[in-house]
Amino acid sequence: MPGEKPHVSFFATTRWTLVGDAGAEDPARAREGLAELFRIYWPPLYRYVRRLGHGEHDAEDLVQGFFAHLWEGQGLRHADVDRGRFRAFLLGTLKHYLANEWRHAHRQKRGGFATRISIDRRDAETGLALDPADPLSPDVLFDREWAMALLDKVLADLEAEEEDFARWKPFLGMGSNRIAYAEIAEKFGMTEGAARVAVHRLRKRYRHRLREEIARTLVSGDLVDEEMQALFAALAES
């Protein structure tokens, strides 16, 4: 239909489905599925490797090499879905890769896996804590970074779907008692009631998309509430 936004099929699948795509016999389908996973989840993996003591370029090489290893070695075809949580599977697989990686023998050139995928290492470096005295382990920090990547994905999806997203985004994280609806209504030329409805609608949409995205990283919908609690607990760690 004219004016409709194109539907991206990846958003309707689970991350485990993308694992299956990445382990598919069809090379084009496999690379497309793995590229989607890379776009979403490379920042927390990169930061995890950095916190293990690797420099910026080496960390980038290792993460790209990890995804190349998964694709070329067809390791994703044998992914243990019974492990339930995709974040746990991906981190465990990365650890195994790092433990068996001889950097000088198997080094991937930067961009070797994803020459057409835009990544911003400077963005991934932002807020990266490398203080050796940090009481939080790289694994705990990985969960926090994973949660942040997931939230960023949800916000990006909403921005693409909602025409007025930029207008209402600042109020997503504010308590209702802190929002000056009367001032907002005057600023945007609407009634106070309409402003309340707009904020409520976006918050409801946000919660729905967040639960939906979390569900896509799990093998069972029964784990969604538990996973949400775990991820928000990770974000609360300081």
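Begin with the whole chain in view: among its contacts with a separation of 6 or more, 74% are between residues 24 or more positions apart. The model is a predicted one, which is worth keeping in mind at each stop below. Colour the chain by secondary structure, and eleven helices and zero strands appear, following the pattern α-α-α-α-α-α-α-α-α-α-α when read along the sequence. If you then colour by accessibility, buried residues make up 42% of the 238 residues in the chain.

**First stop: helices H4 and H7**

Select residues 86–99, which form helix H4, together with residues 138–161, which form helix H7. H4 and H7 pack at an angle of about 130°, and their axes are 11 Å apart. The two helices are therefore oblique to each other, and H4 passes H7 in a right-handed crossing. To see the contact itself, show the side chains of Phe86, Arg87, Leu90, Leu91 and Lys95 on H4, and those of Asp139, Phe142, Asp143 and Trp146 on H7. By residue class, this contact of H4 with H7 divides into five nonpolar, no polar and four charged residues.

Now keep Arg87 and Asp143 selected and hide the rest. These two residues form a salt bridge, in which the closest N and O atoms are 2.9 Å apart. Because Arg87 lies in H4 and Asp143 in H7, the pair ties together parts that are 56 residues apart in sequence. Are the two partners buried or exposed? Arg87 is buried, with a relative accessible area of 11%, whereas Asp143, at 23% relative accessibility, counts as partly exposed.

**Second stop: helices H7 and H11**

Leave H7 on display and add residues 224–236, which form helix H11. The axes of H7 and H11 come within 8 Å and cross at roughly 110°. That makes H7 roughly perpendicular to H11, and H7 passes H11 in a left-handed crossing. On the H7 side, select Asp143, Arg144, Trp146, Ala147, Met148, Leu150 and Leu151, which meet Leu231, Ala234 and Leu235 in H11. The residues of this contact divide into eight nonpolar, no polar and two charged. Asp143 deserves a second look here, since the residue takes part in the contact with H11 and also in the contact of H4 with H7.

While H11 is still in view, select Ala233, which lies in that helix. Ala233 is partly exposed, with a relative accessible area of 41%. A distance drawn from Ala233 to Ala147, C-alpha to C-alpha, comes to 9.6 Å, although the two residues are 86 apart in sequence.

**Third stop: salt bridges within single helices**

A search of the whole structure finds 17 salt bridges, and two of them can be viewed within one helix each. Return to H7 and select Lys153 and Asp157, whose closest N and O atoms are 2.8 Å apart in a salt bridge. Both residues lie in H7, four residues apart, which is about one turn of the helix, and both are buried.

For the other example, select residues 192–215, which form helix H10, and pick out Glu192 and Arg196, again four residues apart, about one turn of the helix. In the salt bridge between Arg196 and Glu192, the closest N and O atoms are 3.3 Å apart. Arg196 is partly exposed, with a relative accessible area of 42%, and Glu192 is likewise partly exposed, with a relative accessible area of 36%. Next, select Lys153, Asp157, Glu161, Glu162, Arg201, Arg205, Arg209, Glu212, Glu213 and Arg216, which salt bridges that share partners join into one network. Lys153 and Asp157, the pair just viewed in H7, are among the members of that network.

**Last stop: Pro43 in helix H2**

Finally, select residues 27–51, which form helix H2, and centre the view on Pro43 within that helix. How accessible is Pro43? At 23% relative accessibility, Pro43 counts as partly exposed. Add Glu125 to the selection and draw a distance between the C-alpha atoms: Pro43 and Glu125 are 8.8 Å apart in space, while 82 residues apart in sequence.

Terms used. Residues numbered from 1 in each chain as written. Predicted model: local features only at pLDDT ≥ 70, side-chain atom pairs only at ≥ 80, totals over all residues. Heavy atoms only, no water. Axes fitted to C-alpha atoms, helices over the stretch in contact; angles between N-to-C directions. Parallel < 35°, antiparallel > 145°, perpendicular 65-115°, else oblique. Left-handed = near helix turned anticlockwise from the far one by under 90°. Contact = heavy atoms within 4.5 Å. Nonpolar A, V, L, I, M, F, W, Y, C, P; charged D, E, K, R; others polar. Salt bridge = Lys/Arg side-chain N within 4 Å of Asp/Glu carboxyl O. Buried < 20%, exposed > 50% of the residue type's maximum accessible area, 1.4 Å probe, protein only.
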